[in-house]
Amino acid sequence: MKRIHDNLNAEIAAGTVSTIDEAVEWLRFTYFFVRARLNPLAYGLNYKELKDDNSLTKYLNDFCYLAATKLDRNRMIVFDSINGYLSSTDLGRIASHFYITYETIETVNAKEGQVQLTEASTTEIVLAMICKASEFQQIKARDTEMMDLKELTSMGSVIKNKNGTLATTDGKVNCLLQSYISQTAVANFALSSEMLYIAQNASRIARAYFEIVLRKGWAHTTHTCLLLSKCIERKMWDYQTPLRQLGDYLRIVTVNKIEGNKLNFFQLRDLDPKELESLFAFDGKKLYNALRLVPLMNAEATIKPVTGSIVQIEANISPGFYWNDHIHGTGSTRFWIFVEDLDEDTILHYEPLTVPKRKVIKEDVQKFTFTIPIRDKQMKHQFQIRISSDSWVVEDTIVPISLHNYAMPQDIRPHTDLLPLDPLPITALKNYKYQSLYSFPYFNPIQTQVFYCLYQTDQSSLIGAPTSSGKTLCAELAIFRVLNKRANKKCVYIAPLKALVRERMLDWKEKFTNKLGVKVVEVSGDHTPDSNELLQADILITTPEKWDGITRSWETREYVRMVDLVVIDEIHLLGVERGAVLEAIITRIKLIARKREIEKSPVRIVGLSTALANAADVAQWLDIKDAGLYNFRPSVRPVPIEVHIQGFPGQHYCPRMALMNKPAFKAIKQFSPFKPTLVFVASRRQTRITAMAFVTMLAAEEDPKQWLNMEVTDLEAEIAHIQDENLRITLPFGIGMHHAGLQPSERSTVERLFVEKKIQVLVATSTLAWGINCPAHLVIVKGTEYFDGAQHKYVDFPVTDVLQMIGRAGRPQYDDSAVAVVYVQDVKKNFYKRFLYEPFPVESSLLPALPNHVNAEVSAGTVASKQQIIEYISGTYFYRRLFANPIYYGVEDPTPQGMTKFLTQVVDDCIDELTTSSCINVEDTVGDITPTVFGRICSNYYLEHSTIRHFCKELKNGLNVKELLKILADCPEYAVIPVRHNEESIQESLNRVLPIPLPKSTEFDSPHVKVFLLYQAHFTQFTGLSADYITDLRSIVDACIRILQAMLDICISNGWLDSAISTVILLQQIIQGRWYWDHPLMCLPALIDHSIDGIGPYLTIPQLQAQYDIDKKDRKLNQQETTKIVKEITSCTILDEREAKQVIDALCHWPILSIKSTFLQNGLMECPVNLDNLNAQPIVLQPYKRYKLRLKIQMLGPNKVCFLLF
């Protein structure tokens, strides 16, 4: 009963208790409840009360109510006394985490007395506050100890004792704690014992105070609490040298001599070994190394204005010390990053930084971006970044920042007002076929307002509107305009993700192909139609990368020149990393449009976006006039949405996600008990964990099947086709999962069940927000971070992605309101509150990727000099934003001369990069730029120029398959493959069982090592890969064909026959999923060693084809022939009939090539070559003449076809 406040607070902080009823239920599991029923008098109850209420419900309710009221008064929880809801606060969570008592928190909250925790608390005050904690109440001051305490005070107390006399508990604790830090010897055994007890608790309390004031944003007090906690842990004061913490690395005599010197720690670090040796008469090299064993970080920072009231601070932080296992251990060390306003003494942003041993050894630079809101009066303030060690007493790294000389961009956010127009009827299309595509009678208000511009005119337009406001129909209106012309023109729809391309393909194939007879073709990484199919298509649906590759040779591709309309969906993604590709293709489309305008046949551009902060900039760049610009406010939605943002504590991702499960379950019960709910998470693993957590909570409900709306027989029929074990468990509870690890058929099944309302809850990864039209009444965004494989850490989703997820809330045909719940880390709650509906301006992301796109233009022949590079840049969005917000792009001097100098430097850097990568040649005299063979290969195969640089450095003649595999795995294209937590240990295990092991010293957390091992697993047919690894392998293999083709072209262009053949073998290995040393028949389906022994252990595939006379067939096998071969195969193997037919089908499709004739051509002269006659006369070739070898190759067998190769 005495500790009810602390225990109840711990349960509320853990999330296990969130209402008074749950608190009562929790108490019923305690020993207190058992004893209260057996001995009620001891607990303030009489027997009559027990008889009237045997379960003690009223007593426990009152008991919990009183405890909750006190916790609420102490600001440890928020107690809604009307509804009985309990929710934790930062103070309560900190108290629970650090095991701080209710009474100590009362002391922290107290506003009376001389000793208070305030924003300007000194070390003396903080130390006094620690000593006042209730944890030290049992420490008693005894008269017999006064002499000893006075002696300790004179010897070990460094700062003034603010707790009063030594005769008080506080005063005694203060004295003993200071003596402990000073390492003063204590002769009295009782005092020595009490000193150890105080030290053990004081560090924990100091850490709790640090967290408390950190949440309040008090800069000075935060650093004081952190420093004092480190002093207690390290048993030293901050005025002493940090070298004391190195243990026995240095002798104490040397340490004392260093402390007697007037030079501070950083001044000593600036001295070289000889200077140190002469100064201290000690081994200078050892002392030099000792100064670099103390952990500290080097940092550089730049500031980028985003809007007039928001800045981004980009910091590059790298280790500035040596790692020693004896001193630092073998794991990692921890720091804190603070962004501070010195004038107001406040912390604007903070986050922990963990630096593992490998990053210290490699001196890795970590990049951080902090988005900070700035008020007008803060423009003249001084700011700084402070990096403090979490455990070492050492001076902090300080990086000063100032906004004095920065020109902040103007805040211009013109929005288009939604006019009070009468809804436009669907009959306004004046085309019965078009009208039949839609089931509703009227366009919505946004579609009504833009109808005339899109359907009745040919002018380009930009439409910015919230998600789920009907922008896809706006694109369809523009397509109808092209179809009405019937001028053999094409429409191109560019979507940012393959998932979105897939959704649009399914939708438009039904609408346009099946109902209107308009041919729709998908052009993505999964589908690459041939030229004839593209020429016949009316609508092309593609991704930015694919269309970029296609339009690089637009002048030679007729179907590109026939494009009349380009619809660019989600154009606001210009601002993200992939936006550079979007910017490059729009720049090229503008070039095509300008050339077409000369022919009086302009290209129309329609951009679709969310509401933009700088829509006018984007529109002007797209050459869109005011009449075509529609930028509606974020609040303009067909279905109004109510957004709740809730913060969750915890610095580590997984425990924080676990805290969100129960609130998410309750949110569904509260906001959408019977309507569809979408739960977005960041990874496939989180989909499984979240869905399973919901299943566990449903199992405790009265109706566990409340989210399932289908008959058991129908459910069993659906589950019969599901292979994923987790999905088979969750579907019977009405919970679906959707992620890339599922089979396409499983994803389709889940989508269909959700849309048909047969399951109520769908837990999905964030890609579902873009790719599939599955709106719901309630959307829960469970966490706003994801693991970035390239940076190897958790990073925030772009705000646009969060808005896209929220936008899935609300079904226009069913709902008149919608709800979105966003769960974030508690420190980011205010950020999302402010910026969720206050969009940032769209900035360009082209600059880092500029060399790749310039190389493409040089290879295409559109750029041939420095001046033309500048002309190309002048057509980009980057150029427009450079003048609007120059500081954002690193311009130090925003004057015209400074801008010219900056652009010149950009062009020079771009040329230097491409020259170093062997992609271009620059004539020194005239400055002409010409593409190299490698530059053309880079452009043709859509590679990074750094990849070509890697190949030029590593590829040579005589390479074998193993060496080429390592070169392929080390390719920069694979740097973004994610290496998740603890995967390095999995990769070490894989390395031990795969055929080509890597040395033990290999860094197994490298993405290139992961790629190397996964390729081996692919060739070995390794069956023990997890779902994550299988998906990663699919991504790796998808990208490899163009990379290997580039490697082959480079080998051929250099005349390296051995390496070229080895590259082809490596390509064959990847296609077949086999090693080249495997038995040839292993490439056929269903065949294993035992079956091969039965068929013929020494046969090859051509020999097996000949054995069954397949090579002599010029048609498909008939039923009788197939049955005969099936009997032969099943008679000598363990294969069943189905597997035998798979083998026959593969043999029939296996290419059988025969060289029919060979000619050596020299100009108009042609000489036949007899390849069969080994004794034929040699053909004499003349030097310095160009010869052409012409082969006539025929494909034999059921796939017989004849073609020529030159």
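Where along the chain does A187 lie, and between which elements is its loop found?

1. In this predicted model, A187 belongs to the loop that runs between α10 (169-181) and α11 (189-216). With a relative accessibility of 84%, A187 counts as exposed. The distance from its C-alpha atom to that of D148 is 8.2 Å, although 39 residues along the chain lie between the two positions as their separation.

2. A second loop position that deserves a comment is N324, which is placed in the loop between β4 (310-319) and α17 (325-328). Its relative accessibility is 22%, and N324 therefore counts as partly exposed, given that the buried class ends at 20%. Once the neighbours within four places in sequence are left aside, N324 is in contact with L293 and G329. A further relation in space is that to K357, which is 33 residues apart from N324 in sequence and 9.0 Å apart from it, C-alpha to C-alpha.

3. Two residues should be looked at for their backbone torsions. For A281, phi is near 55°, a positive value in a residue other than glycine, and the residue sits in the loop between α15 (273-280) and α16 (284-291). A281 counts as exposed, with a relative accessibility of 64%. For Y1184, phi is near 65°, again a positive value in a residue other than glycine, and its place is in the loop between β28 (1165-1168) and β29 (1188-1196). Y1184 counts as exposed as well, at 87% relative accessibility.

4. How do helix α41 and helix α42 cross? The axes of α41 (residues 933-940) and α42 (residues 945-954) come within 9 Å, and the crossing angle is roughly 130°. Because angles from 65 to 115 degrees count as roughly perpendicular and those over 145 as roughly antiparallel, this value makes α41 oblique to α42. The crossing of these two helices is right-handed. On the side of α41 the contact is made by F934, I937 and C938, which meet H945, I948 and C952 in α42. By class, the residues of this contact divide into five nonpolar, one polar and no charged.

5. The packing of helix α45 (residues 1007-1020) with helix α47 (residues 1057-1072) can be described in the terms used for α41 and α42. Here the axes are 8 Å apart and the angle is about 65°, and α45 and α47 are therefore roughly perpendicular to each other. The value of about 65° stands at the boundary of that class, which runs from 65 to 115 degrees, and the label should be read with the approximate angle in mind. The crossing of α45 and α47 is left-handed. Y1015, H1018 and F1019 in α45 meet L1066, Q1069 and I1070 in α47, and the residues of the contact divide into four nonpolar, two polar and no charged.

6. How many aromatic pairs does a search of the whole structure find? The search gives 37 aromatic pairs. One of the pairs is formed by F480 and F512, with 5.9 Å centre to centre and 55° between the planes, and it is classed as tilted. This pair links distant parts of the chain, as F480 is in helix α21 (residues 471-485) and F512 is in helix α22 (residues 498-516), 32 residues apart. F480 is buried, with a relative accessible area of 0%, and F512 likewise counts as buried at 0% relative accessibility.

7. A further aromatic pair is that of F831 and Y832, which is edge-to-face, with 5.2 Å centre to centre and 85° between the planes. The two partners fall into separate accessibility classes: F831 counts as partly exposed at 23% relative accessibility, whereas Y832 counts as buried at 1%.

8. Which residues do ring pairs link into a cluster? The cluster consists of Y974, Y1015, F1019, W1075, Y1076 and W1077. Among them, Y1015 and F1019 are also residues through which α45 meets α47, and the cluster thus shares these members with the helix contact described in point 5.

Key:
Residues are numbered from 1 along each chain as its sequence is written. This is a predicted model: local features need pLDDT of at least 70, side-chain atom pairs count only at pLDDT 80 or more; totals for chains, interfaces and linings use all residues. Side-chain values use heavy atoms; hydrogens and water are left out. Axes are lines fitted to C-alpha atoms, for helices over the stretch in contact, and angles run from 0 to 180 degrees between N-to-C directions. Helices (H or I, at least four residues) and strands (E, at least two) are DSSP runs, numbered from the N terminus. Angles under 35 degrees count as roughly parallel, over 145 as roughly antiparallel, 65 to 115 as roughly perpendicular and the rest as oblique. A crossing is left-handed if the near helix is turned anticlockwise from the far one by less than a right angle, and right-handed if clockwise. Contact means heavy atoms within 4.5 Å. Ala, Val, Leu, Ile, Met, Phe, Trp, Tyr, Cys and Pro count as nonpolar, Asp, Glu, Lys and Arg as charged, and the others, Gly among them, as polar. Rings of Phe, Tyr and Trp (its six-membered ring) pair if their centres lie within 6.5 Å; planes under 30 degrees apart count as stacked, over 60 as edge-to-face and the rest as tilted. Buried means under 20% relative accessible area, exposed over 50%, partly exposed in between (1.4 Å probe, protein chains only).
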